[in-house]
Amino acid sequence: MIMYFPNKIMHYPTMPPQKMDKVLVLLNCFPSLHVSHHLPSSPPISSTSPSSPSPTRRALSLSIISLSTALFSIPIFSCPAASSATSITDFLDLPNSGGVRALDLRIGSGPVPDEGDQVAIHYYGRLAAKQGWRFDSTYDHKDSAGEPVPFVFTLGSGKVIAGIETAVRSMKVGGVRRVIIPPSQGYQNTTQEPLPPNFFDRQRLFTTIFNPTRLANGEGSTLGTLIFDIELVSLRNQ
């Protein structure tokens, strides 16, 4: 039986930008463009090899494969027209974000939220360590009429993972942004929002992120990497 411990606080190192850059070259937001996902195979290792790859190197290799798979499998709200194709060089670090990287898929035309505003967003949330497993989406949260219900929170309240707050702060209403959130800006405990409403999805999410064995093997900089597609639906000044 796998168990996780509510309210457990974990601290993660931030993934170096150089390592994340190796992953970003694999991203393309156009689903009609077919790109091979196969990485070059490594030469066989002789049985007489004096050493084997360290757990840290194995963890990094697996994280790159997992994150690239996740990025290619994510559904997106909308994508720029081919005539205004978005280059991978537009996938940038957000200032003072602790390593959050963002790609604007659609620029909104509405206002930018201020600290303390109540904002409503739609999102797809995926976990890179599970090959892009979608652990939650607001489009699965329906009201009595069957309409998707946005996630609403107060900007700056601290109840939401830091990476989402950082991403939303510089968005305009109507905009869509894809963000890669490193573990240090993701879930630090099991009470931070947004939370999957399904108990088993929550358990799978947190037993992966806070897996003590894998953390001890040096995988802390990769286990909790999240990929979110966020649409800023509306805001209300407080």
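Me: What makes strand 3 and strand 4 a pair?

Reply: DSSP has to find at least two bridges between two strands before they pair. Strand 3 (residues 118-127) and strand 4 have four bridges, in the antiparallel sense, so they clear that bar. Keep in mind that this is a predicted model, where local features need pLDDT of at least 70, side-chain atom pairs count only at pLDDT 80 or more, and totals for chains, interfaces and linings use all residues. Residues are numbered from 1 along each chain as its sequence is written, and side-chain values use heavy atoms, with hydrogens and water left out.

Me: Which residue of strand 4 stands opposite Gly125, and which residue of the hairpin takes a positive phi?

Reply: Opposite Gly125 you'll find Asp136 of strand 4. The hairpin leaves five residues between strand 3 and strand 4, and Gln131 has the positive phi, near 55°.

Me: How do you know how many helices and strands the protein chain has?

Reply: Count DSSP runs from the N terminus: H or I over at least four residues is a helix, E over at least two is a strand. The protein chain then has five helices and seven strands, and its elements run α-α-β-β-β-β-β-α-β-α-α-β from the N terminus on.

Me: Why is strand 4 described as largely enclosed?

Reply: Buried means under 20% relative accessible area, exposed means over 50%, and partly exposed is in between (1.4 Å probe, protein chains only). Four of the five residues of strand 4 (residues 133-137) are buried, so the rest of the structure largely encloses this strand. Across the protein chain, 43% of the 238 residues count as buried.

Me: What makes helix 3 largely enclosed too, and what covers its buried residues?

Reply: Six of the eight residues of helix 3 (residues 162-169) are buried, so the rest of the structure largely encloses it. Those buried are Gly163, Ile164, Glu165, Thr166, Ala167 and Val168. Their cover includes strand 3, strand 5 (151-154), strand 6 (176-181) and strand 7 (226-236).

Me: Why is the meeting of Arg177 and Asp104 called a salt bridge?

Reply: The definition wants a side-chain nitrogen of Lys or Arg within 4 Å of a carboxyl oxygen of Asp or Glu. Arg177 and Asp104 come in at 2.8 Å, N to O, so the pair passes. It links distant parts of the chain: Arg177 sits in strand 6 and Asp104 in strand 2 (residues 101-106), 73 residues apart. A search of the whole structure finds eight salt bridges.

Me: Is Arg177 buried or exposed, and what about Asp104?

Reply: Arg177 has 5% relative accessibility, so it counts as buried. Asp104, at 28%, counts as partly exposed.

Me: How do you know that Arg101 and Asp93 meet in a salt bridge, and how does each count for accessibility?

Reply: Their N to O distance is 3.4 Å, so the cut-off is met. Arg101 counts as buried because its relative accessibility is 9%, while Asp93 is at 40% and therefore partly exposed.

Me: What about the salt bridge of Arg214 and Glu219?

Reply: That one is 2.9 Å, N to O, so it qualifies as well. Here the Arg is partly exposed: Arg214 has a relative accessible area of 27%, whereas Glu219 is buried at 10%.

Me: Which residues are linked in a network of salt bridges?

Reply: Glu115, Glu165 and Arg169 are. Glu165 is also one of the buried residues of helix 3.

Note on methods. Contact means heavy atoms within 4.5 Å.
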